[in-house]
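Welcome, and please open the viewer with the whole chain in sight. We will begin with the overall view and then move to one small piece of it.

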Amino acid sequence: MRRLNGMDAMLLYTETPSLHTHTLKVGIIDATDFDGQFSFEVVRQTFERRLPLLDPLRFKLVDIPWRLHHPMWLENCEVDLDYHLRRVRVPQPGGRRELDQVMGEIASTPLDRSRPLWEFYFAEGLRDDRFALIGKVHHVLADGVASANLLALLMDLKESTGDEHRDYDHCAPPTRAELLRAAGRDHLRQVAALPRLVADATRGISRVRRRSRDRGEHPDLAENFKASPTFLNHVVSPVRTFATAALSLAEVKETAKHLGVTFNDMVLAIAAGGLRELLLRYDGRSDRPIIASVPVSTDRSPNRISGNEISGLSVSLPVHVDDPLEQVRLVSVSTTIAKEDHDLLGPQLQGQLMAYLPPPLTPALFRWSSKRAAQNRAMNVAVSNVPGPRERGTIGGAPVTEIYSVGILSAGAAVNVTVWSYVDQVDISVLADDRTFDDVHEATDAIIHAFGEIRRAAGFPGEPARVETAMAPATTNG
């Protein structure tokens, strides 16, 4: 057994009936050249073969009596594939829009906490001999880096020292006394560590304040914890909408290199340009910068396949600026400042502080907040950038041509933009509730348009190249 760390526990406690904290991992499979008939049974056999290597999929939550501590993972539990593997049919004509609709429906329902916290859906009915494998995996199991490593194992991209054919050591629940003794020991360790943690936090905050004074004023950047109200921010509903799109990885890298910024800066600048277009459409104005919450990994180990070793940056997005090149410059300035502050504060500090969340009170507080929070002062939108596999994987022998992933929505912040780079493409996902957009594909359209604007302003003519291996794009209805 293992205790949830502070960030794991926070992601569990923040889940409410309207704020689900599962993520989606979606692989598009091209079975055109598959030898034989690609089917649900092929996928099931792949899971049966690889499941012993996918440890987090065999974890099960165990609550501590009277919520005296964070829950624990019971490991090596039996998995009922008849429950966890499901079939779903994509409506005709079976394109990207119809698949996105199915993904939104899957994202709209919570996972059953009495079972291992995942489900995979085999989506049939796509045109051009394509299929999709849609994974709904609770964020408490894995962050972006761990999820990428987990997918690499499922797609036979990563070697493992595990035995694909070993039997499970079926998990036996501990007794109440054992759980209480373990909780007591962990609390003693936490109490012992608290003075040093308080001292580290105090020093970190002092360093950030001194450095902020030294930098002086930055009037074009949003101030931390002063997120402006926008149409993106309201009480979030339980219903999810989903949209996907793909860009050329080579073009995004080429543009970033030409402008002298990082790949992550370019992703954030593209998001900023798209969000400016949407703010002008829905709010009628975009005259102030907004704040993006940007997760960062504190452990990029290629072998880590579970847990949340993450922290977060607060990055100003210059949606008040019309010039695409100035948007890129301001994003680069903001991310540089955010990274410096993050390092001065201490990359591990956020996760360490989360370990002290009180289990009896925290879930109730988040439930109360989710019903009332029409504004999130810390953020307007979440934007994630995860480096995915650099080589093409397969499921059951058929190539995976696209990978989409998306995180979670937060109280008062109803949009999440997640980017996974995969082989030669940048796969973009937008998750929102059903109260945000008339058509969620407006968001992906705006993001693609924003990249084109940056490319042209940087001196590259024409429209962004279409990714030939990806499904045809879904544009906005009407």
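Two residues are in contact here when heavy atoms of theirs lie within 4.5 Å of each other. Keep in mind that you are looking at a predicted model. Now select the whole chain: of its contacts with a separation of 6 or more, 81% join residues 24 or more positions apart.

Next, colour by secondary structure, and you will find 12 helices and 15 strands. The radius of gyration is 22 Å, close to the 23 Å that the globule rule gives for 478 residues, so the chain is as compact as a globular protein of that length. Turn the view along the principal axes, where the C-alpha atoms fill a box of roughly 65 × 65 × 40 Å.

Switch on the surface. The accessible area comes to about 20,500 Å², and carbon and sulfur atoms hold 53% of that. Buried residues account for 57% of the 478 in the chain. For the charges, show the 55 positive and 62 negative side chains; the centres of these two sets are 7 Å apart.

Now zoom in on a sheet. Which strands should you select, and in what order do they run? Pick β1, β4 and β3: in that order these 3 strands form an open sheet with antiparallel pairing. At its edges are β1 (2–3) and β3 (60–62), each of which pairs on one side only.

Finally, stay with β1 and its partner β4 (residues 72–74), where the antiparallel pairing runs over 2 bridges. Select R2, and you will see W73 of β4 standing opposite.

How values were computed
Residues are numbered from 1 along each chain as its sequence is written. This is a predicted model: local features need pLDDT of at least 70, side-chain atom pairs count only at pLDDT 80 or more; totals for chains, interfaces and linings use all residues. Side-chain values use heavy atoms; hydrogens and water are left out. Two strands pair if DSSP finds at least two bridges between them. Helices (H or I, at least four residues) and strands (E, at least two) are DSSP runs, numbered from the N terminus. The radius of gyration is taken over C-alpha atoms; the globule rule is 2.2 Å times the number of residues to the power 0.38. Buried means under 20% relative accessible area, exposed over 50%, partly exposed in between (1.4 Å probe, protein chains only). Accessible areas come from the Shrake-Rupley method with a 1.4 Å probe; for residues, only the protein chains shown count as cover. Lys and Arg count as positive and Asp and Glu as negative; His and the chain ends are not counted. The place of a charge is taken as NZ of Lys, CZ of Arg, CG of Asp or CD of Glu.
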